[in-house]
Amino acid sequence: MRVNLFISSFRKYKRGIGAVIAFLAFAVVFSISHKALWYLLVDDTNSYTRITLHEMYHQQENIDVLFLGSSHCYRSLDTSVTDRLFEANTFNGGSSSQNWDGSFALLQEAGKQYQLKKVYVEMYCHMAGRNYKERSDLTSTYLISDYMKPSFTRVRYLINASSPEYWIHGFFPERRNWHKLFERLYVSGLIKKKSSDSYKNYGYVGNPNTDEEYYAGKGFVASRKFIEKEGYVKNTHSDSVAKTFSEDDITSLRNIIEYCRKHEIELCFFSAPMPDIVLVDAGEYDSYVTYVTDFFKGYDVPYYDFNLCKADYFSYDSSLFKDMEHLNMYGAAQFSEVFSKFFTGKINADDLFYPSYQDKLNAAGDWLYGLVYQLKVAEEEKTFTFEVIQNGEVDYKASIYKKIEGEEEYVLIQEKDSLKPVSLPAEETGQLCISIFQKGCGEEPTNEVVIPY
């Protein structure tokens, strides 16, 4: 009887052990396949965020001060400057289009292994008002989740970031490039790039001695690009500034606030400076500043908008910006110094900031910031029309030149007149150069705009 019971029990355990072994074998094969396909299909060889998160996880000393936010964060705060002025180890955890759920996820990851003392979260105005379940382009989410360590934090971040139909692309990044598996040139080229010592050792992206843009360390990305002579131009108007946060925004911001309170971390929210053409064109920027300020007052947390910074401290000159949105390395150096001195008590808030954005515009006076153009293409010609973005009513004249592709000289097609539409042959390509002369500003143009066509 006992023998029969033993045999029966052994058979039962044998089936259970077999099931466990089969599951483990499947898990091993699945994991190896997942890693192999990621290696073959996901091209992250120029990813700033891959390097940033690797560095965040492997700091040799404690991270004392952490910056979080979108590209306006990682292009605006130079950690070589903030380290010196904060007299601490600072780290820039910004990433492209990082929304506040991403900031919260990275805050949790950093908080697991460092004794954070201060956290500064950037509040780019055009990130507000989004419903996470309506996201269809999740690139900004994947930039973070792809390089997070396996954890419940990562799982929660991906599940809450979108509707279920996108989860598989989040947990298995290779699925996003599934169609390239049989593209021999793509796969072989990617294997070659990933076989380099630089990739395997998390070498910095870009060369600081030769490249126009490069990863400078601890999350900061430096750019030598700059806009000459107030040459701001775009082909669409700026999006309107959101007047309120979405429920998802509020949840993420509350999570950040509650986490910092629980762990006794000093917290502050801020907005990095942008070219005035963007905010003037968007309109009613003060409504955003007021809403955000009041929102954080309700939680007894400070918010400072450096778009209200006085020109004595930050000039907003176009040469400090790499494009219509972001600071270059020279602007970041200047801003990082102002930022650090303010938050270490060396500059007073009343001295640094205007009470409102409108007060800043009033102090600046009438000024033309740049152009928005429209292009209409017909069968025989294409026509450019222009709209100026200005503060007040600016008296100006414009000269327009064109340079046909393949030729060396610019040809004058309008001389110091009102800014009129420009018609060109439909098949012609080249550049338009528009020089704007604002009254009372001398004989040199105040703005020089270049438009390829």
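Begin with the whole chain: of the 453 residues of the protein, 50% count as buried (under 20% relative accessible area, with a 1.4 Å probe and protein chains only). This is a predicted model, in which local features need pLDDT of at least 70 and side-chain atom pairs count only at pLDDT 80 or more, while totals for chains, interfaces and linings use all residues. Residues are numbered from 1 along each chain as its sequence is written, and side-chain values use heavy atoms, with hydrogens and water left out.

With a cartoon display, 16 helices and 15 strands appear (DSSP runs numbered from the N terminus: H or I of at least four residues for helices, E of at least two for strands). Along the principal axes, the C-alpha atoms fill a box of roughly 110 × 55 × 40 Å.

Next, select residues 48-57, helix α2. Since 9 of its 10 residues are buried, α2 is largely enclosed by the rest of the structure; among the buried residues are Arg50 and Glu55. At the start of α2, show Ser47: a side-chain oxygen of this residue lies within 3.3 Å of the backbone nitrogen of Thr49.

Then add residues 100-113, helix α5, which packs against α2 at an angle of about 30°, the axes being 10 Å apart (axes are lines fitted to C-alpha atoms over the stretch in contact, and angles run from 0 to 180 degrees between N-to-C directions). The two helices are therefore roughly parallel (angles under 35 degrees). To view the contact (heavy atoms within 4.5 Å), display Leu53, Met56 and Tyr57 of α2 with Leu106, Glu109, Ala110 and Gln113 of α5.

Notes
Parallel < 35°, antiparallel > 145°, perpendicular 65-115°, else oblique. Polar contact = N/O pair within 3.5 Å; in protein donor to acceptor, adjacent residues only side chain to side chain.
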